[in-house]
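Here are my notes for when you sit down with this one. Have the viewer open and follow along point by point.

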Amino acid sequence: MEKQLNGIFREWMRVEQADETAPPVIWGHCVVHLSHPEFSGNVLHTSGVLAIVQHASFLVAETRNHYYALLGPELEMPAGVEFDPMTYVTQQRGEPRRTDAWASAAMNADRNCAHCGGTGLYRYDERHVAICDRCCKHNQGWWQLEGAYGADNGRWACKAGCGTIVDAPPLELNFLPRALI
Ligand SMILES: [Zn+2]
Ligand SMILES: [Zn+2]
């Protein structure tokens with residue numbers, strides 16, 4: 001099987017494994033996860049990383065089965081303290097970037113979608129683009145509408161920004177089980 005890009009990480013950190021001969025794993029904020037789109041937007045880790053290669057503006061990490069793009073920034077592991085990598089990366093997370101939402105939409109899009117042409121985005125007037133609601137996997141969580149939303153107050157909107165609104169948010173998945181090395 002040919003290795004393919006499986007995800008894109010923002011803030012990320014190398015973590016050595018307890019068994020020192022095992023390759024390090026990377027914990028990071030996953031902008032988009034291609035095998036499991038429902039995990040996008042969470043802090044995840046890879047399996048053991050065999051190599052990290054510098055490209056023009058990002059790094060590519062290679063595991064036994066996949067590649068991951070690391071947009072960064074890379075986080076330094078705090079020295080000499082017990083810590084939980086998922087919590088640490090969550091604390092170091094920067095502001096969400098709009099272009100990350102677009103990258104996620106593009107990578108999750110149905111290539112044959114007639115609405116967005118397979119890009120995950122469509123232009124609805126001169127100055128605005130929107131996330132395609134037909135391609136959106138609604139995988140970045142939900143926020144509750146309060147205030148000026150009329151009949152939709154108390155309902156939940158897709159955080160990816162596609163405009164989908166539901167009565168109750170589906171259960172959230174938080175964690176990708178570690179792949180076997
Ligand atoms: Zn679409
Ligand atoms: Zn959505």
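1. Start with a hairpin: E4 and E5 form one, with four residues between the two strands. Keep in mind as you look that this is a predicted model. Strand E4 covers residues 49–54, and strand E5 covers residues 59–63. The two pair in the antiparallel sense, over five bridges. To find the pairing on screen, pick Val53 and look across to E5, where its bridge partner is Val60.

2. Keep following the chain and you run into another hairpin, made by E5 and E6, with two residues between them. E5 and E6 run antiparallel and are joined by four bridges. A handy pair to click on here is Leu59 and its bridge partner in E6, Leu70.

3. What does E6 do on the E1 side? Strand E6 (residues 66–70) pairs there with strand E1 (residues 4–15), in the parallel sense this time, over five bridges. Ile8 marks the spot nicely, with Ala69 of E6 as its bridge partner.

4. Now zoom out. These strands belong to an open sheet of six, and the order across it is E3-E2-E1-E6-E5-E4. The pairing in this sheet is mixed, as you'd expect after seeing the antiparallel E5 and E6 next to the parallel E1 and E6. Which strands sit at the edges? They are E3 (43–45) and E4 (49–54), each pairing on one side only. From one strand to the next, the twist averages 40 degrees.

5. A helix lies against this sheet: H2 (residues 98–108) packs on it and touches E1 and strand E2 (25–33). The direction of H2 makes about 75 degrees with that of E2.

6. Stay with H2 for a moment and ask which of its residues are buried. Ala101, Ser104, Ala105 and Asn108 are. Seen down the axis of H2, the buried residues fall within an arc of 100 degrees, so they line one face of the helix. The general rule behind this is worth learning: an α-helix has 3.6 residues a turn, so residues three or four places apart point the same way. The cover over the buried residues of H2 includes E2, strand E7 (121–125) and strand E8 (128–131).

7. Next, the nonpolar residues. The largest nonpolar core has 16 residues, and Phe9, Trp12, Ile26 and Trp27 have the most contacts inside it. E1, E2, E3 and E6 are the elements that give two or more residues to this core. The largest share comes from E2, with six residues.

8. Take a closer look at Trp12. Leave aside its neighbours within four places in sequence, and Trp12 is in contact with Ile26, Trp27, Gly28, Leu70, Gly72, Glu74 and Leu75. There is also a second, separate core of 11 residues, which includes Cys116, Ile131, Cys132 and Cys135.

9. Last stop, another open sheet. This one has three strands in the order E9-E10-E11, and the pairing is antiparallel. Its edge strands are E9 (142–144) and E11 (165–166), each pairing on one side only. E9 and strand E10 (residues 156–158) pair over three bridges. To see them lined up, find Trp143, which stands opposite Ala157 in E10.

Methods:
Residues numbered from 1 in each chain as written. Chains lettered and ligands numbered in written order. Predicted model: local features only at pLDDT ≥ 70, side-chain atom pairs only at ≥ 80, totals over all residues. Pairing = 2+ DSSP bridges. Axes fitted to C-alpha atoms, helices over the stretch in contact; angles between N-to-C directions. Contact = placed C-beta atoms within 7 Å. Core = buried A, V, L, I, M, F, W, Y, C linked by C-beta atoms within 7 Å. Buried ≥ 20, exposed ≤ 12 C-beta atoms within 10 Å, placed from the backbone. Arc of directions from axis to C-beta.
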